[in-house]
Each structure stands twice: as structure tokens, then as C-alpha cells.
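Student: I would like to learn how to read a few features of a model. Please go through them in turn.

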Amino acid sequence: MARPLRLSSWAMSVEYAIRDVVVPAKELERKGKRIIYLNIGDPVKFDFDTPEHVKEALCRAVREGKNWYGPSEGLLELREAICEKEKRYNDVDITPDKVIITHGVSEAISFLTTAVLEPGDEVLVPGPTYPPYISYPKLCGAKPIPYRTVEEKGWKPDVDDLRAKVSERTKLLVLINPNNPCGTVYDQKTVKAILDVAGEHGLLVASDEIYDRIVFEGKFKSTASLAKDVPVVGLNGFSKTYLMTGWRLGYLYLHDPEGTLDELLETILKLARVRLCPNTPVQVAAIEALRGPQDHVAEMVEKLRRRRDLAYKRLNEIEGISTAKPEGAFYIFPRVEGIGSTWRTDKDFVLELLREEGVLVVHGSGFCPTYGPGHFRAVFLPPEELLEEAFGKLEAFMERHVSP
Ligand SMILES: Cc1ncc(COP(=O)(O)O)c(C=O)c1O
């Protein structure tokens with residue numbers, strides 16, 4: 001008889017709310033219900049598409065036979081193009097030897113957490129956060145500790161709360177700016193105050209800036225550009241700005257002002273070697289994405305700005321829903337009245353909305369058990385008509401369930 005398999009308790013504790021809620025939605029779809037998906041941050045699923053010159057560069061790379069295994073750290077020419085991009089748009093000075101190409105920011109998060117964390121270590125993450133910043137530390141046996149972000153201030157971090165949560169076991173401090181799931185763009189003063197805390201306690205900062213060029217209010221400042229003596233690992237990628245979600249390409253870089261990160265770099269490189277190399281033809285196309293025409297970025301931001309304005313106005317008109325105004329990215333994180341009374345949890349709210357109206361959003365607790373409950377996250381990527389329709393359905397749902 002086969003011996004019962006004891007699975008990894010760390011792996012079993014892992015969740016990804018954004019995709020977990022798709023399972024019941026697909027079930028309903030199989031039964032013939034039409035679903036409006038507002039759960040996943042993939043612009044390419046809507047009326048945004050990878051720029052033609054980038055698609056062409058990919059096809060050319062494949063045709064020209066650039067289909068070999070490349071270096072584990074990624075192609076030098078792409079790492080050079082990333083250094084140029086970080087300097088031009090984010091005022092960050094880095095050299096190609098400090099850049100590692102990954103299969104999306106997702107793999108960069110996995111590399112960083114695996115390289116840094118040991119069981120019992122703590123990671124300060126924004127509350128609410130992008131869920132892999134909870135899951136990957138857990139896979140290492142480490143503990144994600146959410147620091148408060150303040151809804152009334154557009155979900156800006158509460159730096160005093162952050163400072164109070166630093167402990168002997170804290171290894172890493174995560175920033176997501178512009179933020180997923182709240183759409184906040186941190187002002188320079190806040191980023192500097194967070195860097196001061198990191199400096200006081202000798203913490204490594206991880207700054208996820210995948211939405212760096214999707215900003216509506218124009219005040220994004222990269223963490224590494226402000227960090228004089230604090231080491232920062234920057235994480236970024238091609239999924240959002242370059243509309244290459246399914247191509248899976250990202251990078252991390254080390255801003256190492258005092259030369260303290262050599263061992264970290266070497267350890268991440270070892271992890272990169274274990275998985276051989278990132279996708280070669282996609283890297284060739286990414287060089288074209290960075291160095292070729294950039295017109296699609298402004299067009300995308302303008303289109304998203306109109307959809308952000310619509311989502312913000314329309315959601316706040318609904319009785320029982322209130323929301324802060326996102327300043328970047330393509331997410332909105334409204335509060336719902338009646339969670340804890342009409343619906344036992346925010347997940348129950350999400351599932352009931354899905355069953356009754358066929359609108360899929362993600363429960364706030366999936367982004368943070370402490371600061372997420374009572375909310376949901378929706379994307380404002382769809383065209384205006386589809387957003388109007390989804391919010392109309394949500395309004396009808398709220399009128400039925402929440403008494404005036
Ligand atoms: C903050 C943040 N980081 C990372 C990712 C994942 O990016 P990638 O597609 O590069 O793995 C996302 C995707 O939604 C995100 O919102």
C-alpha cells in the first residue's frame with residue numbers, strides 16, 4: 001500500500017485570490033451564464049494589444065534562429081537597454097551586471113525571497129498587497145507582516161505603523177509603487193520616510209515598480225533614485241507597460257550604494273542558473289520594446305485615465321460603495337457596506353455578486369487578512385460600455401441587498 005504522502009504545509013498554505021475566484025466563474029460560464037471579468041490585471045484581454053513593432057521583433061527573432069538557451073542572467077543587450085530605460089524614465093543609475101532578467105516580476109519575487117528569507121524571518125509588506133508578496137515568503141517559512149496603508153489618505157503608507165512593526169526578525173521591506181491593489185502613487189516624502197526607516201534598521205528594500213509608466217497624476221518617483229545609502233532591489237517588467245503579459249518577461253536590479261549586495265547578487269544568479277535562462281526570442285523583442293517607438297504608452301495611459309474617471313465616479317454613486325481615487329496602475333479598491341452583516345465575509349459578497357449578476361471581482365481579504373476585508377478589487381481595463389454595464393449590475397445588486 002502506498003505510504004500517505006505528507007505534503008509541504010508551507011506550499012499548502014499558499015493562495016492566489018485573483019485566480020482562485022476564477023474557478024466558480026468558469027463553472028457558471030460552463031452552465032451558460034455570461035461573466036464580466038473584472039478580476040485580472042491583464043490589459044491584453046481587453047482592447048489593448050502588444051505594439052506591432054514588438055510582435056514583429058519576436059517573429060523576426062524566431063525566424064532568424066535566436067531560439068537557443070541564453071545566459072542565465074539574460075542577454076547583455078537587454079540588460080543594457082534596461083539600464084538606459086531606468087535612467088531615462090526613473091532617474092536610476094545601474095549597470096548591466098546588476099540586472100537579472102526573469103520570467104516576469106513573479107519570478108523576480110520568487111528569486112529575491114528564496115535568496116533572502118529563512119524560516120522565522122519577517123517581511124514587511126503593504127497592507128493590502130499584491131498576493132505573491134504574502135505567498136512567496138510563506139513558501140520560505142517566513143512571515144509576511146502587513147504595515148497599514150490609510151484608506152482615507154488614498155491608501156498612503158502609515159510610516160509610524162511601519163516603523164513600529166520592524167522587529168529583530170525583519171529582513172525585507174516591500175514597497176509596491178504605483179500600487180496594486182489600490183492604485184496609489186506614493187509621494188516623494190513618503191518614499192523617503194520609508195527609506196529612512198530602512199536605513200535606521202539596516203533593512204533591504206524591495207521596490208516593485210511594474211506600473212512605473214502607468215501614472216495619471218504624474219508624481220511617481222522610483223525608490224532607488226531616492227535611496228542615497230539604502231540598498232534597494234528594484235523589480236519591474238514588460239507585462240503592463242509593454243502589453244506583453246503572456247510573454248512572461250521581467251527583471252530585477254540591485255541598487256547597491258555601499259557595495260553590500262555582492263553575495264545577494266551571486267545567490268540570485270545561482271537560482272537563475274538552476275532554471276537555465278529566460279526565454280531568448282522574447283528578450284530580443286523586449287530590446288525593441290524598450291528602444292523602439294513608445295507612442296502606445298501615452299495612448300494607453302489616456303485611455304485608462306478615462307476609464308479610471310468613470311470607475312471612480314460611477315462606483316461612488318452606488319449606495320453602499322465608496323472608493324478612493326486611484327492615481328496609477330489599473331485597479332480600484334472600494335469599500336462595501338454590509339460586509340459582516342448582509343454578507344458574512346467579503347468573499348461571500350464576491351461569490352454572491354458573481355452568482356447573481358455574473359460580475360467577477362476579487363475579495364479584499366485576498367490582498368491582506370488585516371487591512372483588506374470589507375473591500376473588493378476591480379480592474380478598470382474594459383471599455384467604457386462594459387464598465388458601465390458591470391457597475392449597473394453591481395448597483396442593482398446593492399439595491400437588492402443593502403437596505404436604505
Ligand atoms: C505589483 C505587481 N507585481 C508583479 C506582477 C506580476 O507581473 P509579471 O507579469 O511580470 O509576473 C503584477 C501583476 O499583476 C503586479 O501587479
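Student: Where does Leu 243 lie?

Tutor: First, the ground rules. This is a predicted model, in which local features need pLDDT of at least 70 and side-chain atom pairs count only at pLDDT 80 or more, while totals for chains, interfaces and linings use all residues. Residues are numbered from 1 along each chain as its sequence is written, and side-chain values use heavy atoms, with hydrogens and water left out. Leu 243 is in the loop between strand S8 (232–237) and strand S9 (250–255). Helices (H or I, at least four residues) and strands (E, at least two) are DSSP runs, numbered from the N terminus.

Student: What is the phi of Leu 243, and which peptide bond leading to Pro 128 is cis?

Tutor: Most residues other than glycine have a negative phi, and most peptide bonds are trans. Leu 243, although not a glycine, has a positive phi of about 55 degrees. The bond from Gly 127 to Pro 128 is cis, with omega near 0 degrees; Pro 128 is in the loop between strand S3 (122–127) and H7. The bond from Asn 180 to Pro 181 is also cis, with omega near 20 degrees, and Pro 181 belongs to the loop between strand S6 (170–176) and helix H9 (188–201).

Student: What is the volume of the largest pocket, and how many residues line it?

Tutor: Rolling a probe the size of a water molecule over the atoms shows where empty space is left. On a 1 Å grid over the protein atoms alone, a pocket is an open set of points where a 1.4 Å probe fits, with protein on both sides within 12 Å along at least five of seven lines; lining residues have an atom within 4 Å of a point. A volume is the space filled by probe spheres set on the points, which are joined across faces, edges and corners. Here the volume is about 590 Å³. The lining has 30 residues, with Tyr 16, Ser 106, Tyr 130, Lys 240 and Arg 248 nearest the centre of the pocket. Helix H2 (17–20), H6 and helix H7 (132–139) each supply at least two lining residues.

Student: Which polar contacts does the ligand make with Asn 180 and Lys 240?

Tutor: A polar contact with the ligand is a pair of N or O atoms within 3.5 Å. A ligand oxygen is 2.7 Å from a side-chain N or O atom of Asn 180, and a ligand oxygen is 2.7 Å from a side-chain N or O atom of Lys 240.

Methods: A polar contact is a pair of N or O atoms within 3.5 Å; within protein, one must be able to donate a hydrogen and the other to accept it, and residues adjacent in sequence count only if both atoms are side-chain atoms.
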